[in-house]
Amino acid sequence: CSRGHAVIALGTETDRLVSVLRDPLRAASLDAAQWSSLLATARACNLIGAVADKLQTLADSQTVAVPPQAARHLAGALQLAARQRLSVQWEAHCLQRALGALAVPVVLLKGAAYVMAPGGLGRGRMFGDIDVLVPRDALGEVEGALMLDGWVSAKADAYDQRYYRQWMHEIPPMTHIRRGTVIDVHHTILPLTARNAPDPARIIARATPVPGLPALRVPAPEDLLIHSVTHLVHEGELHNGLRDLHDIDGMLRNFGQEPAFWDRLVAAAAGNDLAGPLLLGLRLARAVFDSPVPEATVATVAAAAAPRWQRRWLPAVYGQALRPPTRAGAGTMAAAARSAVYVRSHALRMPMPMLLRHLSIKAWKGLAQREAETPPAP
């Protein structure tokens, strides 16, 4: 693996967080103010559970002396992460109950897949929604079964419903009326209007069953990584971007121990029109976390990527946008980078005429809603 790649500086506080995530022993040299900064930045990046997990063994063995006040925050983060992990496992069993009779493959994505896949992925990770992928021709069956089990659409607006169902890669999010959990049901991994057009059938075909839950599957390692990368580099708002890049780094280190993985990764990305997103994701992971990616893999992926993904400045722009929107990350360059990533993500997701129309409608509807909520002048 080459180490001659560029390194991205994310600012003192965020660089400190990345440094401790890469090598927890570096926490031994932190003073009280730096511990406070580390925890605040980790919390802002939704990575405090990951920091706590990496430091737990070192703290137990007294290799790293964690200040008592910091230890309380870390212990609380571990408890929350464990509770959320159990919640995801419970939701997986609920999905089996709701969808098991349909004979439809239900592929868990992102956080839910990290929990249910073998290998201990996502330790200490904080979770949000449940994401699943199903065949497009089974959407009606799946949505109907979920509704019967207590899930309701979170989007009541007619335009939002049409926007999701006609152009997006998922139906509108659904919320469970009793548990309050949210599920995103995908039929592919990018909007139908996106420049890249991956075939979800390939992902579903390579997915493997979850033991004890025959309706559920987890993607093959290469597809799990490619989807996480694709989601990150198409996302317009990167408030969880550093967390997602940390997930990617963990998968590269875990899966990359098997030599055949790199060939499968290249073949899966190139064969599914995702070489470009993978290229940017690999460069970001190497630049921020020094992820161990063979140079030959990067070169092969680059050869298959479209020119718009090969621009050398892209990792630096995304690196600035990954800085948490705290006071330390609120500089002009970071704000400009966030704006650039936001615009670029929308341009990747839909053609410009459609994008302008969509943004105009959303702006008009938002203005109308604010006017309706504004109390009349006395």
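Colleague: What makes helix H4 a neighbour of the sheet, and which strands does helix H4 lie across?

Modeller: In this predicted model, helix H4 (residues 68-99) lies across strand E1 (106-109), E2, E3, E5 and strand E7 (213-218). Its direction is at about 125° to E7.

Colleague: What is the order of the strands in the sheet?

Modeller: The sheet is open and has 7 strands, ordered E3-E4-E5-E2-E1-E7-E6, with mixed pairing. From one strand to the next, the twist averages 40°.

Colleague: Why do strand E3 and strand E6 stand at the edges?

Modeller: Strand E3 (151-153) and strand E6 (208-210) each have a single partner strand, so one side of each is left without a neighbour in the sheet.

Colleague: How do you know that strand E2 and strand E5 pair?

Modeller: Pairing requires at least two bridges, and 4 bridges join strand E2 (residues 130-133) to strand E5 (residues 182-186). The two strands therefore count as paired, and they run parallel. Within E5, Ile 183 stands opposite Ile 130.

Colleague: Why is Thr 14 called buried?

Modeller: The relative accessible area of Thr 14 is 4%, and buried means under 20%; Thr 14 is therefore buried. Thr 14 belongs to helix H1 (residues 12-22). Not counting residues up to four places away in sequence, Thr 14 touches Thr 41, Leu 242 and Pro 324.

Colleague: Why does Val 343 count as exposed?

Modeller: Exposed means over 50%, and Val 343 has 53% relative accessibility, so Val 343 counts as exposed. Val 343 is located in helix H15 (residues 332-349). Together with Tyr 342 and Leu 359, Val 343 forms a nonpolar surface patch with about 240 Å² of accessible area.

Terms used: Residues numbered from 1 in each chain as written. Predicted model: local features only at pLDDT ≥ 70, side-chain atom pairs only at ≥ 80, totals over all residues. Heavy atoms only, no water. Axes fitted to C-alpha atoms, helices over the stretch in contact; angles between N-to-C directions. Contact = heavy atoms within 4.5 Å. Patch = residues over 30% accessible without salt bridge, like charges linked within 9 Å, V, L, I, M, F, W, Y side chains within 5 Å. Areas by Shrake-Rupley, 256 points an atom, 1.4 Å probe, with all protein chains shown as cover. Salt bridge = Lys/Arg side-chain N within 4 Å of Asp/Glu carboxyl O. Buried < 20%, exposed > 50% of the residue type's maximum accessible area, 1.4 Å probe, protein only.
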